[in-house]
Each structure stands twice: as structure tokens, then as C-alpha cells.
Amino acid sequence: MNMHEIIYFNSPGLAESSRLCLELSGISWKDTIVDNEEYIKLKNDDLLPYGLLPIIRTSQGIIAESVALLRYTGALAGLEPEDLFMRAKVDEIIDVMKGWWEAFTPTFYIEDLEEKINARRNLFEEGGKLDLGMNLLSSLYENSSSGWIANTEDMSIVDIKSFTDVFMLFSGQFDGLDKSIILKYPILLSFHKKMSNVPEIKTYYSNMKDSNEHWVYLPNSFDN
Ligand SMILES: N[C@@H](CCC(=O)N[C@@H](CS)C(=O)NCC(=O)O)C(=O)O
């Protein structure tokens, strides 16, 4: 069977956007969740091209690197614009987002909890890297004439990635960040409402409301 299999940890992390694309594609796919021990085994068995997760197994072989997975699964779901200029405009925003995660990732290595919490909160203070990011995303969404982030005619992979990557930050899984922060960005809450109510997305997450990491994708998650 021509099965696609995503292999990653349980958290949304770098795999959720591709999981959602596969779900929207309607093709059959498998979500394989691994723990650290299983990850090490995959690595020792030389199954990870660059030593890291996520990967996707396809009938032609393995693909690594989350954005490559997103483009591949997005193409399967028809979420990559045909027009090359528009496709580049989508990729442009994905590349900008990469800079936000580069600012966030070092906080994982801060050992002192208070220091970690402060570093993360500072990113969301006025003018902080992620505050600027949230404002940029808000303005792209607000000024789009189509209602999609890159002004594409239809939903694209950058809408999916914005949805999965932004809202996971506020699930409570990251010390220092919680739901109160996203409430500062009302336009992003409108975007959340739009995405979480797309019928296929709503159905996919409907059985995950008790998941500590996935509840953020359900409609009304951020209602007061
Ligand atoms: N640039 C890679 C980064 C992948 C990455 O950092 N994966 C992490 C999980 S989020 C990992 O495999 N960590 C395992 C480890 O380093 O022990 C991508 O976008 O896929």
C-alpha cells in the first residue's frame, strides 16, 4: 500500500503542520509517535538522514527536514500555489518564521527555570522578536484581500504552519508562556477561529481536547 508515515515525538513541534496537511490531503497516512529511546534506535539504525526528527517515509524513500515535509505534504493536499510567484511569497513567510524559532530555541537550553521563563516572556514583550512576529502575522492576515496569510487565492501551507506553530506556543507545554499572551493579538484569534473551524481540521482535533498539547487547535480554545 502506498502509505505515508510521519515519525516524530508526541508534541506538535516540527511535525504538526505536515500531519495536518496529510489529514487535509485525504490520502491514507500513519502517525507514528516515538519516545526518546525509539528515536535513538532510529538514529542508530541510520534511518534519519540528518540524525533528527521528524521524517516521513514514502514509497520512494525517507524525507527529512520539517519544511521539506511541509512542502511535500502540502503539495499532496493541494496547498502549494501553482503560480510560482505566489509559491515564493508563501515560502518567503515560512523563511521569516524560521527566524522566530531560532530566537525561541536557545531558551530550551537555559537551565535556571526563572531565567528560562524571563527569556521567553521577553520575546513577547513589546518589540521582542516574537511580539514583532505576532504583529507581522497579524498585519499580513489583516491586509490580505483573500483572507489567507500570503494573499493566496486559497489556503496554503503557510496558513497551516502559522496555525500549528503559533498556537502550540500557548498550550502551557513551554514554561513561561500561556494562553494570556495570545489574547494580546486579537487578529490572530480571528485567524484561529477561521482555521479551527475548517471542517476537516475541526474533525481531526475533535478527539484531542484532553491532550495537554493539542487542545489549542480546537475551536473556542482561547475564549475567556
Ligand atoms: N531543521 C530540522 C530540525 C529538527 C530537530 O531539531 N528535531 C529535534 C526535535 S524538534 C530532534 O530530533 N531532537 C532530537 C535530539 O536532538 O535529541 C527540521 O526542521 O526538521
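So, burial to begin with: of the 224 residues in this protein, 32% count as buried. Please keep in mind throughout that we are looking at a predicted model. The radius of gyration is 17 Å, close to the 17 Å that the globule rule gives for 224 residues, so the protein is as compact as a globular protein of that length. If you prefer box dimensions, the C-alpha trace spans about 50 × 45 × 35 Å along its principal axes. And for those of you who like contact maps: among contacts with a separation of 6 or more, 62% are between residues 24 or more positions apart.

Now the fold. We have 10 helices and four strands, and reading along the sequence the pattern is β-α-β-α-β-β-α-α-α-α-α-α-α-α. The domain assignment splits the protein into domain 1, residues 4–76, and domain 2, residues 84–217. Their C-alpha centres sit 20 Å apart. Where the two domains meet, 12 residues of domain 1 and 13 residues of domain 2 take part in the contact. Which elements give two or more residues to the domain 1 side? Those are H1 and H3, with the largest share, six residues, coming from H1. By class, that side of domain 1 has six nonpolar, three polar and three charged residues.

Let's go inside. The largest nonpolar core has 46 residues, and those with the most contacts inside it are Cys21, Leu79, Ile149, Ile157 and Phe167. Several elements each supply at least two residues of this core, among them strand S1 (4–8), helix H1 (16–25), helix H4 (84–104) and helix H9 (186–196). Helix H7 gives the most, with six residues. The core also draws on both domains, taking at least three residues from each of domain 1 and domain 2.

Let me pick out Ile157 from that list. Leaving aside neighbours within four places in sequence, what is Ile157 in contact with? The partners are Cys21, Leu70, Arg71, Gly74, Leu79, Glu80 and Val90. Two of those names, Cys21 and Leu79, you just heard among the core residues with the most contacts.

On to the ligand, which I know some of you have been waiting for. The residues surrounding the ligand are Gly13, Leu14, Tyr39, Leu52, Leu53, Glu65 and Ser66. Sorted by class, that shell has four nonpolar, two polar and one charged residues.

One of those shell residues, Leu53, brings me to the backbone oddities. Most residues other than glycine have a negative phi, and most peptide bonds are trans. Here, though, a cis peptide bond joins Leu53 and Pro54, with omega at about 10°. Pro54 itself is in the loop between helix H2 (36–44) and S3.

That loop also holds Asp46, which is not a glycine and yet has a positive phi, near 65°. Is Asp46 buried or exposed? Asp46 counts as exposed, because there are 8 C-beta neighbours inside 10 Å, and the cut-off for exposed is 12 or fewer. The helix that Asp46 follows is H2, and of the nine residues of H2 the number buried is zero, so H2 lies largely in the open.

There is a second positive phi to show you. Asn151, again not a glycine, has a phi of about 60°. Asn151 lies in the loop between H6 and H7. With 16 other C-beta atoms within 10 Å, Asn151 is partly exposed.

Last stop: Gln173, found in the loop between H7 and helix H8 (179–182). Gln173 is partly exposed, with 14 other C-beta atoms within 10 Å. What does Gln173 touch, not counting residues up to four places away in sequence? The answer is Ser11, Asn212 and Glu213. If you want a distance to check on your own screen, try Gln173 to Phe85: they are 88 residues apart in sequence, and 37 Å apart in space, C-alpha to C-alpha.

That's my tour, thanks for listening!

Technical notes
Residues numbered from 1 in each chain as written. Predicted model: local features only at pLDDT ≥ 70, side-chain atom pairs only at ≥ 80, totals over all residues. Near = placed C-beta within 6 Å. Nonpolar A, V, L, I, M, F, W, Y, C, P; charged D, E, K, R; others polar. Core = buried A, V, L, I, M, F, W, Y, C linked by C-beta atoms within 7 Å. Buried ≥ 20, exposed ≤ 12 C-beta atoms within 10 Å, placed from the backbone. Domains from an automatic or database assignment. Contact = placed C-beta atoms within 7 Å. Rg over C-alpha atoms; globule rule 2.2 N^0.38 Å.
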